[in-house]
Amino acid sequence: MGDDTAIISNADDLSVDESPATFQYPLNADEMVAKSIAPVKRDFLCPPPVRTCNRDDNSKAPLMDEKKSKRQLKRERLQEQKSALHICPSVAKSGNVDSCVYQEKCRYSHDMESFKSQKPDDLDGLCPFLSSQGPCPYGIACRYAATHKDGETGEVATVIINGDKRNGELNVLKKDVQKLLWKNKMKFPKADDALNLLGLLKQGKKKNVGDNDSDAQGFVNGNGDVDGKGCCRENPDSVNEVDCTAEVLEEDKPYEADVAEELRPPKKTKSSIDETCSEPLIDGEILHEKDTDKSCKQSEPDFEIIMEDNDKCLKLHPREKKLIDFKEKLYLAPLTTVGNLPFRRLCKALGADITCGEMAMCTNLLQGQASEWALLRRHSSEDLFGVQICGAFPDTVAKTVELIEQHCTVDFIDINMGCPIDVVVNKGAGSALLTKPMRMKSVVEASCRAVETPVTIKVRTGYFEGKNRIDSLISDMGNWGVNAVTVHGRTRQQRYSKPADWEYVYQCVRTAPSTLQVLGNGDVFSYLDWNVHKSNCPELSTCMIARGALVKPWIFTEIKEQRHWDISSGERLDILRDYVRFGLQHWGSDSKGVETTRHFLLEWLSYTFRYVPVGLLEVIPQKINWRPPSYFGRDELETLMASESAADWIRISEMLLGKVPSGFTFAPKHKSNAYDKAENG
């Protein structure tokens, strides 16, 4: 890394006016590859741009503002609500002031004339909802309202764009379910029974449900109630009732502990669920030490018999358990921030077979946080879809998987046990579980027993570099109940540095039982990488593609067609345009939705600039760890897409979403040092 920096700094001394023909890069192709620099043809190389920071005393660099306090953000929200631009969605959609059911009590503005006078100019292009049957849901607030058939009512013509009709989104959080999660009244009978069978559920004080608790009486997690065996049975009297979760704890079932109703500090709800755990001694470690002054009730004499019945009800025969076949399928890895629903739709169109949502924290899901539940959204085009969750304790994860199974439509649930982020590891989740194999086993077993949906896990080779340990655990993982295991060929300490250790991944695959599917992950960036891994280890089910899809999402097309796609800048712009259309349909076509789409587009562009076109390389294929040098593209647009400056990424976003608002700034969330903050804006 030090040598690479020296090379770039030496090149900074060169004149910016030098043309590619006169500029001579100090290294040849072999030397560039040895130093992990992409070997671009000499005809296209250019000196790096000089970053001048000489400014007048009165001028300020347009850097990112400091993080605002909660009080400042609240004050800004209140001011925004008083603005005429904060128009009521019902009024905007219908064009009728009387359409709002709240009337004078509505917190939004109903002044349509003021809104129209202050609304920003419409953007070029067609409304993204033209392909839908019916009016645009944003009405006059849509930034493409000029293309509506009737600008005031929001009615749109039924036009098909590229043969694509608008499809709905699934896994939307219902308000009644969210309220139960907020009040901590959601019951998890299957998870509690699974934890009981494993001896992981703490015996707590039973809740006496009174007549005043009518919102929680007589319901379970799903439709129906719970019988004496812990199984759900359909309740014909509850057909018209709200689909929510609540359970009456009968007096003859003292072993059913109401863990969710244990006393917790009222101002620590955010962390209390994730910290709640069972109290047995596992692997020399007490998993839960809170509320030790509470006495557990003694079990009834028929406790053992009921346990056996529960076991028969919960533990399905392997042939009855649903399974997912990952063999030879192209699997888009769960990607934080950029792996959103519009991006997954794009990858599906480019050839991906399996998609998985962004990692969601179990604690936040159990608290009913809408922003976390949004990560579970699924588009109807995702025919094989899973969600990824992350938690530290068996009870937290087991309750979350039961909640997801009852209220979401998913094909599998993946448990993240390899996330290297400090904020996750410090809570005992992610890769921290690699240091506690007994807890890791408890999390998986409790989750698999609580649901019929297939459960998979994603791990790294180990926690510390040079101390791989998954090979010693993977032989037993088949007995835990998981459908598949994905092994990322790096340790937690490595993060994303150094190449992935695929030889160790092969070792894990060969150690695993034949009934357990093992997937590999790490540095797949071309169809040749895919072919090498499949030929080196035929037992490998498939390869998960992560950062390779961020840099070039058409990698799925390359693998299926077995070719290097020398994609043009125009084709790449069309892909960006499709992403913008998907983003506007997902986040909205009003001003807020446009800026949200722009933000995530810029986050994605902070990865795509690393791609070097095939026609410009002396050595193909490009490796994922190669850093692109400064080079000219074959046209101006290709040169702009190769820029590492955030200002140029913003220019690309303006080509698709219009001018940015005044004072707009951007810095990638992944905190990469491959962009220049001085040119941000």
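Here is a short chat about a predicted model, covering a sheet, a helix pair and the nonpolar cores.

Student: What makes β6 and β7 the edge strands of the open sheet?

Tutor: The eight strands run in the order β6-β14-β13-β12-β11-β10-β9-β7, with parallel pairing. β6 (331-332) and β7 (355-361) each pair on one side only.

Student: How do you know that β13 and β14 pair?

Tutor: Pairing takes at least two bridges. Three bridges join β13 (residues 517-521) to β14 (residues 542-545), so the two strands count as a pair. As for one bridge, Asn-521 has Met-544 of β14 as its partner.

Student: Which strands does helix α10 touch?

Tutor: Helix α10 (residues 341-349) packs on the sheet and touches β6, β7 and β9 (385-390). The direction of α10 makes about 160° with that of β7.

Student: How are helices α7 and α13 packed?

Tutor: Their angle is about 145° and their axes lie 8 Å apart. The crossing of α7 past α13 is right-handed. Among the contact residues are Pro-189 and Leu-195 of α7, and Ala-398 and Glu-402 of α13. The contact divides into five nonpolar, one polar and six charged residues.

Student: Why is Met-477 said to be in contact with Ile-470?

Tutor: Contact means heavy atoms within 4.5 Å, and Met-477 is listed among the contacts of Ile-470, as are Leu-434 and Tyr-504. Ile-470 and Met-477 have the most contacts inside the largest nonpolar core, which has 134 residues.

Student: What does the second core include?

Tutor: That separate core of 13 residues includes Leu-27, Val-40, Trp-626 and Ala-642.

Methods:
Residues are numbered from 1 along each chain as its sequence is written. This is a predicted model: local features need pLDDT of at least 70, side-chain atom pairs count only at pLDDT 80 or more; totals for chains, interfaces and linings use all residues. Side-chain values use heavy atoms; hydrogens and water are left out. Helices (H or I, at least four residues) and strands (E, at least two) are DSSP runs, numbered from the N terminus. Axes are lines fitted to C-alpha atoms, for helices over the stretch in contact, and angles run from 0 to 180 degrees between N-to-C directions. A crossing is left-handed if the near helix is turned anticlockwise from the far one by less than a right angle, and right-handed if clockwise. Ala, Val, Leu, Ile, Met, Phe, Trp, Tyr, Cys and Pro count as nonpolar, Asp, Glu, Lys and Arg as charged, and the others, Gly among them, as polar. A nonpolar core is a set of buried Ala, Val, Leu, Ile, Met, Phe, Trp, Tyr and Cys residues joined through side-chain atoms within 4.5 Å. Buried means under 20% relative accessible area, exposed over 50%, partly exposed in between (1.4 Å probe, protein chains only). Lists of a residue's contacts leave out its neighbours within four places in sequence.
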